[in-house]
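Below are my notes on the model you sent. They are arranged as numbered points and can be read beside the coordinates.

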Number of protein chains: 2
Amino acid sequence: MAYEDIMARAPGQNILEIVRQALPNLRKSERKVANRVLEDPDRILNAALAEAAALSEVSEPTVIRFCVAIGCTGFQEFKLRLARSLALGTTATHSVLTKEDTTAELVEKIFGYTMTSLDWARSHLDTEALGRAIALLSEARSIEFFGLGASGIVALDAQQKFPLFGVPCGAQSDTHQQLMTASMMQAGDVAVIFSNTGHTIAMIEVAEVARNGGAKVIGVSGASAPLLDHCDVAILVETLDNTDIYTPTISRIAALVVVDILCSAVGLRRDAEHGHRFENMKQLLRNQRIYGPKKPV
Amino acid sequence: MAYEDIMARAPGQNILEIVRQALPNLRKSERKVANRVLEDPDRILNAALAEAAALSEVSEPTVIRFCVAIGCTGFQEFKLRLARSLALGTTATHSVLTKEDTTAELVEKIFGYTMTSLDWARSHLDTEALGRAIALLSEARSIEFFGLGASGIVALDAQQKFPLFGVPCGAQSDTHQQLMTASMMQAGDVAVIFSNTGHTIAMIEVAEVARNGGAKVIGVSGASAPLLDHCDVAILVETLDNTDIYTPTISRIAALVVVDILCSAVGLRRDAEHGHRFENMKQLLRNQRIYGPKKPV
DNA sequence: ATTATTTGGTAGTAATACTACATAAAATAG
DNA sequence: CTATTTTATGTAGTATTACTACCAAATAAT
């Protein structure tokens, strides 16, 4: 049932980004509308067609033409899509941090940008590849996670979340030990390699070594890069490539969400197979928790 | 009727959550509308007033009355707010994972839930406390991050992102070493303690020890818990407390975003003071990157 | 320079959301 | 248990609103 829903929501990309990109291709009075929209989206959102036209200093039909020009069927649909986009926070263009920003503004911008990027990652995720990764992990005899730097943290996190029903898994953060571990892997084992850039040589070597031993390799990267050529399953986690400033931050969080998905999916799958679903899930969750006395007060 | 109460509790919040909460206080034909909305929000969103009324099997004014009952000024505003909420993904109630879910559905649900939770965290964040934390960190001579388990990963991440203009910072994941490090801290130093539950004794001890030495302590927790009483600045990162299933996952990500905010803010601040803004920022970012040859192909 | 073609505005139309009123149902009092 | 008030729902009407067909101006091409 829900497939259409998903598809309906997914390709409906951030309208503000679309407007910004379409800007040069618009005729000049339509551009007036576009600029007005980018300037103060909230204002347009709460305005009727007539008001929007007045604000942009054009006629009402021009506003409508603008709407169809950027791919909407009319003003109403445009407003709805605008509302959706605004929920995620202001656009990338607006979220440049300045030293004059108040704390509240920083919160708004960074949260907004994070959410927009997650939305982007979601709609660009290759579910088919993800499905193959889940299948591999579900059958794995042991799992090893690899990553360096920020990606190393993702690997660590994965290792913490994957105490899957007794399947041993580990995560090495040392280049040397990574190679050693990889060289010990064999058929039935699965290596998951995180690399934001996808260019890190050490990680490519790990992939090679693991595969030579007969293990399957899943690569998670933020860009279509060399690493993925050396993997059995390539998962591309695209984030807004807009600014250098945010990229590392965002890619890390998007990768963590992907880990969540993999973990949940594999959990559900293994569960379904073994039958003792709830107990196992609870167990899995208990392992994720930090323990302490309920109320030491 | 208690619309005000509802609005007071969740100001400008996810409409679907509001509708769900208001359900019992509605009159029965309004409830028909509410149920229809919760059942298939997308359908209502793309419908006109007349169609929405027909779908709910009530008259048009009843639909409008429903809208004002939940705090909107009319049907139009309701639709806009619904669009906003839908952008974040389906409601919490709808995102229970089942083993029948396709990969695409899992992606949709987990991303949606993550985004909704981030939205929640954002709107419940105490910016004033955050501001005080930023002030402390900006003046710090050295910074230490503490955390165990999932929160330990957050601490590690913070330590990786905070190579602040030469201010030394560290992160210990071993309880023993944590106490040792804490006991060495003194006036001018700042300890940042992450604890999702806020009940972990080890972390409370760290806070005590660090403070006794004269250091300032910033606590980041997912709940208003004992730990925060032992801190100079308490940052509460609220996430949707809905299900046990997602909690650890979400709180971790929300905490990472908070780290991003702290890091960026302190960076901007230190920068402004020292004047060589861009160079430093770039340097800071370079340190976050994973290095490798640009294109080994 | 004159004709096409593109771009912008005017006026009209159909639909939409909202309001005032009236009736039906429920609750309370006599 | 009826009578009366109060509450809840639907009907009919109105004012807006979005959209369309048409025309005029500007621009580009021949």
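The points below take the helix pairs and the two DNA strands in turn.

1. Status of the model. This is a predicted model, and every value in this note should be read with that in mind.

2. Helices α5 and α6 of chain A. Helix α5 (residues 49–56) and helix α6 (residues 60–69) of chain A have axes that come within 8 Å and cross at roughly 95°. Angles from 65 to 115 degrees count as roughly perpendicular, so α5(A) is roughly perpendicular to α6(A). On the α5(A) side the contact is made by L49(A), A50(A), A52(A) and A53(A), and on the α6(A) side by E60(A), V63(A) and I64(A). By class this contact has six nonpolar residues, one charged residue and no polar ones.

3. Surroundings of DNA strand C. Strand C is surrounded by 16 residues, and the closest are R27(A), S29(A), R65(A), L49(B) and F75(B). Of the atoms of strand C that come within 4 Å of the protein, 64% belong to sugar and phosphate. The residues of this surface divide into seven nonpolar, five polar and four charged.

4. Phosphate contacts of strand C. A polar backbone atom of L49(B) is 2.4 Å from a phosphate oxygen of DNA strand C, and a polar backbone atom of F75(B) is 2.6 Å from a phosphate oxygen of this strand. From chain A, an N or O atom in the side chain of T62(A) is 3.2 Å from a phosphate oxygen of strand C. Elements giving two or more residues to the surface near strand C are α3 (28–39) and α6 of chain A, together with α5 (49–56), α6 (60–69) and α7 (75–87) of chain B.

5. T62(A). Is this residue of helix α6 of chain A buried or exposed? T62(A) counts as buried because its relative accessibility is 8%, where the cut-off is under 20%, computed on protein chains only. Neighbours within four places in sequence aside, T62(A) is in contact with S29(A) and E30(A).

6. Surroundings of DNA strand D. Here too 16 residues surround the strand, and the closest are L49(A), F75(A), R27(B), S29(B) and T62(B). Sugar and phosphate make up 66% of the strand D atoms that come within 4 Å of the protein. By class, the residues of the surface near strand D are eight nonpolar, five polar and three charged.

7. Polar contacts of strand D. A phosphate oxygen of DNA strand D is 2.5 Å from a polar backbone atom of L49(A). For R27(B), an N or O atom in the side chain is 2.7 Å from a phosphate oxygen of strand D. A base is also involved: a polar side-chain atom of R65(B) lies 3.1 Å from a base nitrogen of strand D. The elements with two or more residues at this surface are α5, α6 and α7 (75–87) of chain A and α3 (28–39) and α6 of chain B. Among them, α6(B) gives the most, with three residues.

8. The α8 pair. Helix α8 (residues 103–124) of chain A packs with helix α8 (residues 103–124) of chain B at an angle of about 175°, with the axes 10 Å apart. The two helices are therefore roughly antiparallel to each other. Contact residues of α8(A) include V107(A), F111(A), M115(A) and L118(A), and those of α8(B) include V107(B), F111(B), M115(B) and L118(B). E108(A), D119(A) and R122(A) also take part, as do E108(B), D119(B) and R122(B). This contact divides into 10 nonpolar, four polar and six charged residues.

Terms used:
Residues numbered from 1 in each chain as written. Chains lettered and ligands numbered in written order. Predicted model: local features only at pLDDT ≥ 70, side-chain atom pairs only at ≥ 80, totals over all residues. Heavy atoms only, no water. Axes fitted to C-alpha atoms, helices over the stretch in contact; angles between N-to-C directions. Helix = DSSP H or I, 4+ residues; strand = E, 2+ residues; numbered from the N terminus. Parallel < 35°, antiparallel > 145°, perpendicular 65-115°, else oblique. Contact = heavy atoms within 4.5 Å. Nonpolar A, V, L, I, M, F, W, Y, C, P; charged D, E, K, R; others polar. Near = heavy atom within 4 Å. Polar contact = N/O pair within 3.5 Å; in protein donor to acceptor, adjacent residues only side chain to side chain. Buried < 20%, exposed > 50% of the residue type's maximum accessible area, 1.4 Å probe, protein only.
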